[in-house]
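Student: I've got a structure to go through with you. Can we start with the aromatic side chains?
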Amino acid sequence: MDTIAQRPGKSAHAAEPTDGPITLDELKMAYRCPGTPLEALRYDITPTGLHYQVVHFEIPSTNETDWSLRIGGHVKRPVSLRLADLGAWEERTQPVTLECAGNGRALLSPRPVSAAWLGGGVSTASWSGVRLREVLASAGPRDGAVEVAFSGTDEGIQGGERQVYARSLPLDVAMGPDALLAYRMNGEPLPPQHGYPLRLVVPGWYGMASVKWLDRIEVLQRPFEGFQNSVAYRYQSDADDPGWPVREMRVKSLMWLPSTVEFLSERRVLEAGPTTIIGRAWSGHGPVVKVEVAVDGVWRPARLHAPDGHAATTAWQSWSFEWQADPGDHELRCRATDASGDIQPIEPPWNYQGMGNNAVQRLQVEVR
Ligand SMILES: Nc1nc2c(c(=O)[nH]1)N[C@H]1C(S)=C(S)[C@@H](COP(=O)(O)O)O[C@H]1N2
Ligand SMILES: [Mo]
């Protein structure tokens with residue numbers, strides 16, 4: 001198990017959780033980290049410009065001519081690779097659902113002060129690149145290796161600590177079949193905001209693991225103690241609790257339905273009659289096995305669609321629910337269950353940094 005000690009006196013969030021109004025700092029973070037609009041759930045693969053985005057500091061001006069990927073640490077042969085060198089390995093393309101671990105944070109009470117996500121911090125892209133394990137194997141991790149650390153070219157200050165954005169993975173995950181070193185997103189070179197020229201993509205894990213603007217990989221003999229592992233991204237009960245590391249995505253689902261949306265309030269209005277609610281469901285703990293929809297508190301099974309030509313373990317699954325909408329105000333909710341038996345909670349699970357909120361979505365609609 002991960003036993004990284006939390007650093008005394010350091011906190012990932014600059015302010016205490018609050019029930020007060022959204023602050024100017026949170027508004028700045030919201031522009032830096034835009035979410036996917038709910039109606040983009042119509043797409044199995046989120047169009048690139050609608051994919052949510054997280055940038056901790058600033059988008060670095062990485063330039064492909066100066067860039068290289070260095071792999072070192074506890075390896076037999078340290079290597080340095082240019083983008084063209086990755087052509088030596090077989091290219092793979094796979095759809096991967098990424099969700100920010102802070103998604104849903106602003107729905108918590110009190111609200112941890114950071115990126116004030118509602119529900120839009122989740123999207124699916126088709127990523128192309130080479131398998132991380134094949135590239136790592138060429139450097140040859142030595143006996144005694146336990147973790148692999150990845151760092152980007154972006155640098156900033158968080159918790160008073162100057163740092164480059166860096167995260168680690170346990171060796172078995174890094175050497176697993178799914179992790180990709182990706183150089184294309186939806187068939188195009190990575191856009192600047194999504195990690196150009198190369199990023200890590202770790203299916204099943206919350207988004208913080210998928211390091212963008214990747215230029216360094218280090219194989220380690222002991223657990224990594226970088227800020228983003230040992231201070232940020234932990235399930236903590238309070239500022240002094242070392243907590244537990246945030247890892248795989250908790251089971252979750254979202255829904256959308258055709259309706260007329262009111263400016264500002266996003267209140268939804270639709271005509272009485274048959275209507276199809278559509279949605280997506282995902283989990284980092286095995287495929288989703290069941291989705292249910294509640295209309296005014298009565299749960300009924302939704303239809304879970306077969307994965308669209310891809311493995312249900314790396315990307316979300318689509319589902320639908322036929323609803324006979326009768327006039328009146330209604331509350332719709334949806335919840336998913338995964339293969340491990342985990343089911344979404346009705347009430348948000350609270351923790352100090354607002355991580356992993358997978359509570360059921362609620363949608364208010366007025367049927368006329
Ligand atoms: N180098 C670097 N990688 C990063 C981040 C970052 O700020 N810097 N943010 C992480 C977080 S918290 C998330 S949720 C995902 C988001 O990926 P996206 O912006 O491509 O959607 O990138 C991750 N990789
Ligand atoms: Mo994130």
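Student: How many aromatic pairs does a search of the whole structure find?
Tutor: Two. Rings of Phe, Tyr and Trp (its six-membered ring) pair if their centres lie within 6.5 Å; planes under 30 degrees apart count as stacked, over 60 as edge-to-face and the rest as tilted.
Student: What are the centre distance and plane angle for Tyr52 and Trp117?
Tutor: Their ring centres are 5.8 Å apart and the planes stand at 80°, so this pair is edge-to-face.
Student: Where do they sit in the chain?
Tutor: Tyr52 is in the loop between H1 and E1. Trp117 is in the loop between strand E3 (92-99) and strand E4 (122-131). The two are 65 residues apart, so the pair links distant parts of the chain. Helices (H or I, at least four residues) and strands (E, at least two) are DSSP runs, numbered from the N terminus.
Student: Is this model predicted, and what does the numbering follow?
Tutor: It is a predicted model: local features need pLDDT of at least 70, side-chain atom pairs count only at pLDDT 80 or more, and totals for chains, interfaces and linings use all residues. Residues are numbered from 1 along each chain as its sequence is written, chains are lettered from A and ligands numbered from 1 in the order in which they are written, and side-chain values use heavy atoms, leaving out hydrogens and water.
Student: Back to the rings. Is Tyr52 buried or exposed?
Tutor: Buried, with a relative accessible area of 6%. Trp117 is buried too, at 5%. Buried means under 20% relative accessible area, exposed over 50%, partly exposed in between (1.4 Å probe, protein chains only).
Student: And what is the geometry of Trp282 and Trp316?
Tutor: That pair is tilted, with 6.1 Å centre to centre and 55° between the planes. Trp282 lies in strand E16 (residues 273-282), and Trp316 in the loop between strand E19 (303-304) and strand E20 (317-325), so the pair ties together parts 34 residues apart in sequence. Both are buried.
Student: New topic. What is the strand order in the open sheet of five strands?
Tutor: E2-E1-E10-E5-E6, with mixed pairing. Two strands pair if DSSP finds at least two bridges between them.
Student: Which are the edge strands?
Tutor: Strand E2 (79-81) and strand E6 (161-170), each pairing on one side only.
Student: How do E1 and E2 run?
Tutor: Antiparallel, and three bridges join E1 (residues 69-73) to E2. Leu69 stands opposite Leu81 in E2.
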